[in-house]
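User: Could you take me through the ligand site in this one, up close? I'd like to know what holds the ligand and what goes on in the parts around it.

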Amino acid sequence: MTVVPLPPAEASRCKRLKASTHREHDSVDQLVVAARPFESRERYARFLQVQYQFHGSLVGLYQDEQLNRQLPGLHGLSRFAAVQQDMQDLLLQQPPLPTRVRVSPAQALGWLYCCEGSNLGAAFLFKWAQHLGLDGTCGARHLAAHPQGRALHWQAFVAGVDELSLTQLQETEAIDGAIAAFDAYRSHLHNVFDARH
Ligand code: HEM
């Protein structure tokens, strides 16, 4: 097992979030690979179900007024509409809208960190999706890079989150939120893939 040293308290908030969720990330990353979502369109359809559940559950956070005051433009970052569009492209029926995550504003920052960060790893997923004949105009819209580019887009988000002033309790809540978000993603993966191997 790799032991990741925690960064000093003065490290930026997102660096602390990264260090605190390193293990969760690796576990989710390995589970996604093990689920072989890019082996066929049938398996990719299941992966879209996972994305639908996860991104759909966060819509309320992306639309939240207070969070949008803290992170201007947040409402435009949700990828749920793109996931829905991807499902339509592939003529997949959409399940009922997922239950929205209800958490404190500080926990929400952790959930958003997890969701926005997933767009970095999506660079790989996007390439794999292209082997299935899918791209940013059909079936894999939600995995496509932001027009600004993934790195710039991520840096802007990180800068916004790092600048916020939080109490010590809220810092802990943000980390708890990020861990809960990875846990939630893991359960969506299990629910969708394990149930029907
Ligand atoms: C096969 C699946 C995945 C792969 C291969 C992958 C790979 C990566 C890679 C390479 C990075 C670092 C990119 C960089 O620093 O430029 C990254 C970052 C990140 N990924 Fe993943 N990822 C995967 C799935 C996920 C999922 C499902 C989530 C969330 C539900 C997630 C959340 C994050 C977060 C939050 C970061 C940002 C870490 C930071 O720099 O603070 N990833 N991922």
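Analyst:
**The ligand site and its surroundings**

The ligand sits in the largest pocket. Three elements each give two or more residues to the shell around the ligand: H2, helix H7 (105–130) and helix H9 (168–193). Of these, H7 gives the most, with eight residues. Keep in mind as we go that this is a predicted model, with each distance and angle computed from its atoms.

Let's start at the metal. The iron atom of the ligand has a single protein donor, NE2 of His25, at 2.1 Å. His25 belongs to helix H2, which covers residues 22–34. The side chain of His25 also has an N or O atom 2.9 Å from a nitrogen atom of the ligand.

Stepping back from the iron, the shell around the ligand counts 17 residues. His25, Val28, Tyr113, Gly117 and Tyr185 are the closest of them. Two other polar approaches are worth a look. From the backbone, a polar atom of Gly117 comes to 3.4 Å from a nitrogen atom of the ligand. From a side chain, an N or O atom of Lys18 is 3.5 Å from an oxygen atom of the ligand.

Tyr185 is a handy way out of the pocket. Besides being one of the closest residues to the ligand, Tyr185 makes a side-chain polar contact of 2.7 Å with Gln51. That takes us to helix H3, where Gln51 is found. Gln51 is buried because its relative accessible area is 5%, under the 20% cut-off. Setting aside neighbours within four places in sequence, Gln51 contacts Gly56, Val83, His142, Leu143 and Tyr185. For a sense of the spacing between H3 and the stretch that carries the iron donor, take Gln51 and Glu24: their C-alpha atoms are 17 Å apart, with their positions 27 residues apart along the chain.

While we're on H3, have a look at Ser57. Ser57 is in that helix, which runs over residues 41–57. With a relative accessible area of 6%, Ser57 is buried too. A polar atom of the Ser57 side chain lies 2.7 Å from the backbone oxygen of Phe54. Leaving out neighbours within four places, the contacts of Ser57 are Tyr52, Pro98, Thr99, Arg100 and Val101.

Now back to H7, the main contributor to the shell. Ala122 lies in this helix, and its 2% relative accessible area makes it buried. Beyond the residues up to four places away, Ala122 touches Leu143 and Arg150. Leu143 is a name we've met already, as one of the contacts of Gln51. The C-alpha atoms of Ala122 and Ala144 are 7.6 Å apart, for a separation of 22 residues along the chain.

Arg150 points us on to helix H8, which spans residues 150–163. His153 is in that helix, and at 8% relative accessibility it counts as buried. Apart from residues up to four places away, His153 touches Leu77, Glu116, Asn119, His146 and Gln148. Further along H8 comes Gly160. Gly160 counts as buried because its relative accessibility is 19%, and the cut-off for buried is under 20%. The C-alpha atoms of Gly160 and Gly73 are 10 Å apart, although the two residues are 87 apart along the chain.

Finally, two loops attached to these helices have something to check in the backbone. In the loop between H2 and H3 sits Arg36, whose phi is near 50°, a positive value in a residue other than glycine. Arg36 is partly exposed, at 37% relative accessible area. The other case is Leu91, in the loop between helix H6 (80–89) and H7. Leu91 is not a glycine either, yet its phi is positive, at about 55°. With 79% relative accessible area, Leu91 is exposed.

So if you want a viewing order, start with His25 and the iron, look over the shell contributed by H7, then follow Tyr185 across to Gln51.

Note on methods:
Residues numbered from 1 in each chain as written. Predicted model: local features only at pLDDT ≥ 70, side-chain atom pairs only at ≥ 80, totals over all residues. Heavy atoms only, no water. Helix = DSSP H or I, 4+ residues; strand = E, 2+ residues; numbered from the N terminus. Buried < 20%, exposed > 50% of the residue type's maximum accessible area, 1.4 Å probe, protein only. Contact = heavy atoms within 4.5 Å. Donors = N, O, S within 2.8 Å, 3.2 Å for Na, K, Ca; no water. Near = heavy atom within 4 Å. Polar contact = N/O pair within 3.5 Å; in protein donor to acceptor, adjacent residues only side chain to side chain. 1 Å grid on protein atoms, 1.4 Å probe; cavity = no way out; pocket = protein on both sides within 12 Å on 5 of 7 lines; lining within 4 Å. Sits in = over half its atoms within 2 Å of the grid points.
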